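Grab a pencil and try each exercise before you read its solution. Keep the sequence and the 3D view side by side while you work.

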Amino acid sequence: INQENYEKFKEFKKMLLCQKDLKCCAEGFENMCKARKGGPLGTIYCMEERPESCLFSMTLGFKHICKCPLRNYALKELNK
């Protein structure tokens, strides 16, 4: 993880209340939850087995949208 991404991570850590204590990015963003980008707007969909258990998951029909700013940043900017 480079310095710029580390600084961004520190910003997220200050503002997020995460039930997983941001463990997803503790090791260079390698343990992120499963998600994929889709749709014309680049919506981030949660691909975890139990997305309803996440505070950042929002149900949309039969899909779950990830509203976690850190997860969205990692997928859109770092492609992780």
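**Exercise 1.** Decide whether G38 is buried or exposed, and find what it touches beyond its sequence neighbours.

*Solution.* This is a predicted model, so every value here is computed from it.
- Start with the location: G38 sits in strand β1.
- Next, take its relative accessible area, which is 10%. The cut-off for buried is under 20%, so G38 counts as buried.
- Now skip the neighbours within four places in sequence: G38 is then in contact with T43 and Y45.

**Exercise 2.** Work out how β1 and β2 are put together.

*Solution.*
- Find the two strands first: β1 covers residues 35-38 and β2 covers residues 43-46.
- They run antiparallel and are joined by four bridges.
- For one example of a pairing, look at R36, whose bridge partner in β2 is Y45.
- Then look between the strands: this hairpin has four residues there, and G39 takes a positive phi near 75 degrees.

**Exercise 3.** Do the like for β3 and β4: which way do they pair, and over how many bridges?

*Solution.*
- β3 spans residues 57-60, while β4 spans residues 63-66.
- Their pairing is antiparallel, with four bridges.
- Pick T59 and cross over to β4, where its bridge partner is H64.
- The hairpin has two residues between its strands, and G61 in the turn shows a positive phi of about 65 degrees.

**Exercise 4.** Map the surroundings of H64 and follow its polar contacts.

*Solution.*
- H64 belongs to strand β4.
- Its relative accessible area is 16%, so H64 is buried.
- Leaving out residues up to four places away in sequence, H64 touches I44, Y45, C46, P51, E52, S57, M58 and T59.
- Two of these neighbours also make side-chain polar contacts with H64: S57 at 3.3 Å and T59 at 3.4 Å.
- Move on to S57, which is in strand β3. A polar atom of its side chain lies 3.1 Å from the backbone oxygen of P51.
- Finish with the wider contacts of S57: beyond four places in sequence, they are P51, E52, H64 and I65.

**Exercise 5.** Which residues of α2 are buried, and what covers them? Then check the phi of N79.

*Solution.*
- Helix α2 runs over residues 69-77, and its buried residues are L70, R71, N72, Y73, A74 and L75.
- The cover over these residues includes α1 (3-15), β1, β2 and β4.
- Step past the helix to N79, in the segment after α2.
- Its phi is near 55 degrees, a positive value in a residue other than glycine. Most residues other than glycine have a negative phi.
- N79 has 66% relative accessibility, and exposed means over 50%, so N79 counts as exposed.

**Exercise 6.** What is the volume of the largest pocket, and what kinds of residue line it?

*Solution.*
- The volume of the largest pocket is about 290 Å³.
- Its lining has 22 residues, of which K20, C33, E48, C54 and F56 are the closest to the centre.
- Sort the lining by type and you get 12 nonpolar, four polar and six charged residues.

Definitions and conventions
Residues are numbered from 1 along each chain as its sequence is written. This is a predicted model: local features need pLDDT of at least 70, side-chain atom pairs count only at pLDDT 80 or more; totals for chains, interfaces and linings use all residues. Side-chain values use heavy atoms; hydrogens and water are left out. Two strands pair if DSSP finds at least two bridges between them. On a 1 Å grid over the protein atoms alone, a cavity is a set of points where a 1.4 Å probe fits but cannot get out, and a pocket is an open set with protein on both sides within 12 Å along at least five of seven lines; lining residues have an atom within 4 Å of a point. Grid points are joined across faces, edges and corners, and a volume is the space filled by probe spheres set on the points. Ala, Val, Leu, Ile, Met, Phe, Trp, Tyr, Cys and Pro count as nonpolar, Asp, Glu, Lys and Arg as charged, and the others, Gly among them, as polar. A polar contact is a pair of N or O atoms within 3.5 Å; within protein, one must be able to donate a hydrogen and the other to accept it, and residues adjacent in sequence count only if both atoms are side-chain atoms. Contact means heavy atoms within 4.5 Å. Buried means under 20% relative accessible area, exposed over 50%, partly exposed in between (1.4 Å probe, protein chains only).
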